[in-house]
Amino acid sequence: MPTILLGIESSCDETAAAVLVDGLLRSNVVAGQEVHAKWGGVVPELASRAHQEHIVPVVAEALRTAGIAKEDLGAVAFTRGPGLVGALLVGTCFARSLAQALNIPLLAVNHVHAHVMAHFIRDGSNRPSPSFPFLNLTVSGGHSQLVLVRSPLDMEVIGTTLDDAAGEAFDKGAKVLGLPYPGGPLVDMHAKLGDPHRFQLPKPAIEGLDLSFSGIKTAFVALVRREESKQPGFARTELNDLCASLQSAIIDHLLAKTRRAIRLHRVSSVGIAGGVAANSGLRERLQELGEREGVEVFIPPFAYCTDNAAMIAEAGRHLLEAGQTAPLDIVPVPRTS
Ligand code: KG4
Ligand code: ZN
């Protein structure tokens with residue numbers, strides 16, 4: 001009998017479900033939530049309601065495209081946290097009920113660990129994955145971490161943001177430029193057309209491997225407001241150079257810390273994961289850093305960088321193999337640190 005595993009993701013503003021059959025990805029469905037765009041950020045109550053609307057059709061679609069009946073499922077993995085509590089509750093309750101109804105194991109996945117597992121999703125392509133141990137830069141809307149990955153179940157956070165996440169710096173910078181949420185992909189798009197040296201932003205002076213983005217963000221917001229008050233329309237006319245300068249300051253900081261971690265921990269492979277790993281400038285410059293430092297670079301395809309359930313199912317697969325199943329009365333953990 002093949003092992004058929006359903007993964008469910010509902011930590012923020014994407015409702016997602018994926019099916020793995022003997023470790024091979026058979027479906028990967030993601031429903032986004034446009035309802036937040038006009039508010040300039042994710043509204044937790046609206047996210048929770050949208051998850052409730054989406055979860056049944058998204059899971060049904062994942063099963064249908066995989067050609068699987070729910071009775072064939074052998075286990076269900078879900079995101080336990082970190083994330084928005086009302087959003088996590090929807091996926092948690094759904095997964096608990098399914099596990100109970102079908103009498104199958106329940107697997108509680110840490111969302112940030114799951115982002116790292118994006119490197120190992122097997123989908124029929126011959127993409128190589130990093131060998132252990134490797135260094136991973138996990139950068140999303142909620143997290144920025146440097147992680148030493150020793151195995152799928154052994155990850156050590158060796159550096160973390162002291163304030164905002166990298167994705168937040170992109171999104172808040174985009175907001176002051178009048179771009180809709182989530183602004184990261186739009187900053188990326190405009191940055192391609194702009195001059196990254198046009199506007200100088202501070203380099204965060206943080207010891208060790210920790211990160212900080214609030215200085216860059218505050219300086220950027222102040223710059224835009226100051227210039228906008230002197231020359232109305234400044235943000236619009238200088239949009240490309242502003243985006244390029246913001247993106248370059250964020251990437252400089254991320255890569256300075258990554259280079260330091262590579263040297264300190266003498267790793268031979270480095271990966272990126274999380275929504276910000278979809279950034280084309282970061283992908284390109286990490287490749288260059290890898291070449292300079294003599295380390296191999298691993299970058300998952302876009303679809304596995306932003307929130308998805310394939311990574312949840314992949315992380316759940318390892319929990320199942322290790323016998324680490326969850327009790328049916330398990331509750332979400334919105335914060336893990
Ligand atoms: O991993 P993710 O989908 O959700 C969280 O777990 O937070 O990450 C979402 C974040 C948002 O801040 C979004 O703006 C950012 O990833 N993002 C990007 C790009 N695509 C998504 N940031 C910069 N450039 C991109 N191309
Ligand atoms: Zn995420």
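**Where two domains meet**

**View 1. The shared surface of domain 1 and domain 2.** In this predicted model, about 1,700 Å² is buried between domain 1 and domain 2, with carbon and sulfur atoms giving 77% of that area. Buried area here is the accessible area (1.4 Å probe) that two parts lose on being put together, summed over both. On the domain 1 side, V116, H119 and C305 lose the most area to domain 2, together 35% of what that side buries.

**View 2. The two domains as a pair.** Domain 1 covers 4-124 + 305-321, and domain 2 covers 134-300; these bounds come from an automatic or database domain assignment. Their C-alpha centres lie 27 Å apart. Contact (heavy atoms within 4.5 Å) links 20 residues of domain 1 with 23 residues of domain 2.

**View 3. Polar links across the interface.** Look here for 3 residue pairs in polar contact, both residues at pLDDT 80 or more. Such a contact is a pair of N or O atoms within 3.5 Å, one able to donate a hydrogen and the other to accept it; residues adjacent in sequence count only if both atoms are side-chain atoms.

**View 4. Helices on the domain 1 side.** Both α3 (111-117) and α11 (310-321) supply at least two residues each to the side that touches domain 2. The largest share, 5 residues, comes from α3. Helices are DSSP runs (H or I, at least four residues), numbered from the N terminus.

**Notes.** Residues are numbered from 1 along each chain as its sequence is written, and side-chain values use heavy atoms, leaving out hydrogens and water. Local features need pLDDT of at least 70 and side-chain atom pairs count only at pLDDT 80 or more, while totals for chains, interfaces and linings use all residues.

Definitions and conventions: Chains are lettered from A and ligands numbered from 1 in the order in which they are written.
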